[in-house]
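Please walk me through this protein model. I would like to see how single residues fit into the whole.

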Amino acid sequence: MNELTTVIVPAYIQTPLSAHITMACIANITKYTNPDEYELILIHDIPTHAVRDDFKVLKIDKQIILKEYTNYSTKMNLAAKEAKGKYLAFIQNDCFVWEGWLDNL
């Protein structure tokens, strides 16, 4: 794949478990995706727990933290407006990708 893809991960982080699942999802994307082929936007509203990257191993290009609760489609549209990629890939924060996933889209 030659064109930049924007990967958008919407999240609703209200428990330590949901924060950890989101971090695992992003770690999985980071591991199985060529960093030159994508940018990652994480968008979530009023999180009570942080998505942490203490060792700077997660590729999060932009993190959008909303100040009010929104629905799923609003999050998607707000993040899409910030996208730089030619293509958009929306991934739920509890989903995991596999090696070569982006090339197969």
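Lys59 is buried, because its relative accessible area is 17% and the limit for buried is under 20%. The model is a predicted one. Where does Lys59 lie? Lys59 sits in a loop, the one that joins strand 2 (38-45) to strand 3 (62-66).

Now look at what the side chain of Lys59 meets. A polar atom of this side chain lies 2.7 Å from the backbone oxygen of Tyr38. The side chain of Lys59 also makes a polar contact with the side chain of Asp61, at 2.6 Å. Leave out residues up to four places away in sequence, and Lys59 touches Ile26, Thr30, Pro35, Tyr38, Glu39 and Leu40. Tyr38 therefore turns up twice: its backbone oxygen lies 2.7 Å from a polar atom of the Lys59 side chain, and Tyr38 is among the residues that Lys59 touches, where touching means heavy atoms within 4.5 Å.

Next, go to Thr6. Thr6 belongs to strand 1 (residues 5-11). Is Thr6 buried or exposed? Thr6 has a relative accessible area of 0%, so it is buried. Its side chain has a polar atom 2.8 Å from the backbone nitrogen of Gly85. Beyond its neighbours within four places in sequence, Thr6 is in contact with Glu39, Ile41, Ala83, Lys84, Gly85, Tyr87, Leu88 and Ala89.

One name on that list leads us on: Ile41. Ile41 is part of strand 2. With a relative accessible area of 0%, Ile41 is buried. Which residues does Ile41 touch, not counting those up to four places away in sequence? They are Thr6, Val7, Ile8, Val9, Lys62, Ile64, Ala79, Glu82 and Ala83. Take Glu82 as a case. Ile41 and Glu82 are 41 residues apart along the chain, and their C-alpha atoms are separated by 8.3 Å.

Phe90 is our last single residue. Phe90 is found in strand 4 (residues 87-90). How does its accessibility come out? Phe90 has a relative accessibility of 38%, so it counts as partly exposed. Leaving aside neighbours within four places in sequence, Phe90 is in contact with Ile8 and Met76. Val7 lies 83 residues from Phe90 along the chain, yet the two C-alpha atoms are separated by 5.9 Å.

Now step back to the whole chain. How many helices and strands does the chain have? There are 2 helices and 4 strands. Read along the sequence, they follow the pattern β-α-β-β-α-β. Contacts between distant parts of the sequence count for much here. Of the contacts with a separation of 6 or more, 71% are between residues 24 or more positions apart.

What about size? The C-alpha trace spans about 35 × 30 × 20 Å along its principal axes. The chain has 105 residues, and a compact globule with that number would have a radius of gyration near 13 Å. The chain has 13 Å, so the two agree.

Finally, consider surface and charge. Buried residues make up 40% of the 105 residues. The accessible surface of the chain is about 6300 Å², and carbon and sulfur atoms hold 54% of it. The chain carries 10 positive and 13 negative charges, and the mean positions of these two sets are 6 Å apart.

Methods
Residues numbered from 1 in each chain as written. Predicted model: local features only at pLDDT ≥ 70, side-chain atom pairs only at ≥ 80, totals over all residues. Heavy atoms only, no water. Buried < 20%, exposed > 50% of the residue type's maximum accessible area, 1.4 Å probe, protein only. Polar contact = N/O pair within 3.5 Å; in protein donor to acceptor, adjacent residues only side chain to side chain. Rg over C-alpha atoms; globule rule 2.2 N^0.38 Å. Areas by Shrake-Rupley, 256 points an atom, 1.4 Å probe, with all protein chains shown as cover. Lys, Arg positive; Asp, Glu negative; His and termini not counted. Charge placed at Lys NZ, Arg CZ, Asp CG, Glu CD.
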